[in-house]
Amino acid sequence: MSRQSWVAWLYVTPLMLVLVPFFLIPILVVLVASVLETDGFGGLIPTFTLANYVGVLTSAQTFHLYAATLKFTALTWFFTLVIGFLVAYFLVFHVKNQLLAISLFLICTVPFWTSNIIRMISWIPLLGKEGLVNSALLGTGIIREPLEVLLYSSVAVVIAYVHQLTIFMVVPIFNSMARIDKRVVEAALDSGASRLDVMRLIIIPMSKSGIALGSIFVVSIVMGDFFVVKVMSGGGSASVVSAFYENVGVLQYPIAAASAVLLTVILIVVISLILRAVDIRREITQ
Amino acid sequence: MRPGRGDIELAGLCKSYDGVTNVVDGVNLKIPDGAYCCFLGPSGCGKTTILRMIAGHEDPTVGEIVIGGENVVGLAPVERRTAMMFQSYALFPHLTVRDNIAFALRVRGQSRLERYRAVDLMMEKVRLTELADRLPANLSGGQQQRVALARAAITEPRVLLLDEPLSALDEQLRVRMRQELRRMQRELGITFVHVTHTQLEAIALADIVVVMEKGKIKQSGPARDVYAYPCDRYVAEFLGGQNVLSGKVEKVGSDHLVISQPHRAGIHVGVHPDRRVGIGDRIDLAVRRDDIELMRATSGEPGGGATALPSRVLAIEYQGSFVKVMLDTIPDEEFIAYVPERTFFQDPFNVGDVLLATWSAGRARVLA
């Protein structure tokens, strides 16, 4: 081996040391497990079968679960995008004071100073039947009966997701917006553009890479989650992942593995659709 | 078609960001319609702020801006019918050359067909037709400048404002694009206001040069007036080409003064009879570097009314058409003579030679 290629291999070693044991091997294990049979007691019989995939793909439940998960994903994506974009826009274009912008940015991360479970539990006194929102609405006379839909429902799931994931939209969009030259905006105004024109023709197209990155974060996190759905829906809704979590619970590893592979494939399709719309690599290196 | 009168009048214009210091401090100026006006000054002198106030991107704290007889303070750039060409151009990086130029027409609601027709004409004028579908990142500096110019001119403004338009270019291109700017200005026939910190650029282009210092106008007028007849030490030094000396008045004659200073005496300078100067006054005077004649110390004194100061040659720079000779005439001050190339090489000097730097009294001018 020439000296040059030896050095090249040395450069990629740290990456390989992370990727191989923590990404490649687990994926392979799951792939292998998905074509094996179970002995019913947690053991795997070494064989090759596609029965697990057939089972997953022909089950009506799979489609219901994907429908539910995609619904949560779409709603969460929409709300995090709108809120995240507006927050980033405000921070970049309206907060003139750098220090203030950084403090406001840090405030956005406050929810992350505590664990997911605590955050989840905190919704109960807020959204519960006798929670703050309901008592406020009752107190002002807007409603007569407490709204039950607020907690342990699809609404609650989406609220929890949006609360948890908006920051993943804010950060990349903030990042791409901050790189917009303010003079470009001024040049647009100079040409007679209205605020709406500037937003539509300049800021949104130039924040595309941030929007795409944030969307990838949000979509992949929501589609891979089961905890929020489980807690916030009170068991009323399920997601794709919660289904194979249950499979694992009853030692049905091959079925769970097949579902996991299917989810991975679907996620890859979704992400490549996003990447097809926005060439992130080109946008970032520009 | 004439796009309306583009004469500009600035009256008592002030701008302060903190309420304490004025970045622009009481500027009064008239720029006639169709003139090429250059604001010249070091960075931070307020020239860009004035430009941005004329453009409508900043509001003056006090004062009026009148364009074509109408006070435009508070109006949007479009209503002023001005267009600005930004420093480093601020092209829209995600739009092609064609769409960059068409932007202003697009936000005015013109149909694609309509605006592309106008843009194609404009692109022909600035020779961009082959580059129509490129993105700004794939253009050279000179091409980007032409796009910026076309984008600003497409709305047929009556005033075009240019913020350091040539600073992003390399030296050779700068000279070429300078001509291009002048050509465009003549072709469009509208008022150009151009901000720069390069004196060569200003005097080469402008009908009116405005020299600024710390928010105030020091001198304004035709390029030759400002260059050849600077009003004070600051303008003389900023525009260059002059040796500036200061000293005390020793003798007052009918049309000239005799000045002395700690190191040199017997400096003659012409003075306008209206100017009241007394013996003992401290004054500054300027002599153009190309008016200095260098003589061998041995060749005798020059005729009457001329100043002759013994000087040692510190350095010599060949400049092509002339030779720049640096002298120690006034200790601790720059003193330079521009000697025509042919004259110099008839009898070349060397570093260390002692010479007489001479000029006739009429060639020296008293500064304010």
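These legends walk through several close-up views of a predicted model with chains A and B.

**View 1. The annotated stretch of chain A is rich in helix and has no strand.** UniProt, in an unreviewed entry, lists "domain: ABC transmembrane type-1" at residues 66-274 of chain A. Over those residues, 77% of the chain is helix and 0% is strand. If you want the two ends of the stretch in one frame, their C-alpha atoms are 19 Å apart.

**View 2. Chain A meets chain B.** Here 15 residues of chain A are in contact with 22 residues of chain B. The two chains bury about 1700 Å² between them, and carbon and sulfur atoms give 63% of that area. Three residues are worth labelling: A:Asp190, A:Ser191 and A:Leu201 supply 36% of the area that chain A buries against chain B, more than any other three residues.

**View 3. A salt bridge joins the two chains.** Which side chains meet in the salt bridge at 2.7 Å, N to O? They are those of B:Arg52 and A:Glu186. Between chain A and chain B the count is one salt bridge, alongside six residue pairs in polar contact. On the chain A side, helix 8 (182-190) and helix 9 (195-206) each supply at least two of the residues that touch chain B. Helix 8 of chain A gives the most to that side, with seven residues.

**View 4. Four strands of chain B form an open, antiparallel sheet.** This view falls in chain B, where UniProt places "domain: ABC transporter" (unreviewed entry) at residues 8-239. That stretch is 38% helix and 24% strand, with its end C-alpha atoms 25 Å apart. The strand order in the sheet is 2-1-4-5. Why is one side of strand 2 (24-31) and of strand 5 (70-71) left without a neighbour in the sheet? Both strands stand at the edges with a single partner strand each, so one side of each has no neighbour there. Five bridges pair strand 1 (residues 8-15) with strand 4 (residues 62-67) in the antiparallel sense. To find your place along strand 4, look for B:Val62, the bridge partner of B:Cys14.

**View 5. Helix 1 of chain B lies across strands of the chain.** Helix 1 (residues 47-55) lies across strand 1, strand 2 and strand 4 of chain B. Relative to strand 1 of chain B, the helix runs at about 120°.

**View 6. A salt bridge within chain B links distant parts of the chain.** The side chains of B:Arg158 and B:Glu70 meet at 3.4 Å, N to O. B:Arg158 sits in the loop between helix 5 (141-153) and strand 7 (159-163), while B:Glu70 belongs to strand 5 of chain B. The two residues are 88 residues apart. Over all chains, the count comes to 27 salt bridges.

**View 7. Five strands of chain B form another open sheet.** Their order is 15-19-16-17-18, and the pairing is antiparallel. Strand 15 (293-296) and strand 18 (335-340) are the edge strands, each pairing on one side only. On average, neighbouring strands of this sheet are turned by 50° against each other, direction ignored. Inside the sheet, strand 16 (residues 306-318) and strand 17 (residues 322-327) run antiparallel and are joined by five bridges. One of the bridge pairs to look for is B:Val313 with B:Leu327, the latter in strand 17 of chain B.

Definitions and conventions:
Residues numbered from 1 in each chain as written. Chains lettered and ligands numbered in written order. Predicted model: local features only at pLDDT ≥ 70, side-chain atom pairs only at ≥ 80, totals over all residues. Heavy atoms only, no water. UniProt positions renumbered as here; feature names shortened; annotations may be inferred. Pairing = 2+ DSSP bridges. Axes fitted to C-alpha atoms, helices over the stretch in contact; angles between N-to-C directions. Contact = heavy atoms within 4.5 Å. Buried area = accessible area lost by both parts, 1.4 Å probe. Salt bridge = Lys/Arg side-chain N within 4 Å of Asp/Glu carboxyl O. Polar contact = N/O pair within 3.5 Å; in protein donor to acceptor, adjacent residues only side chain to side chain.
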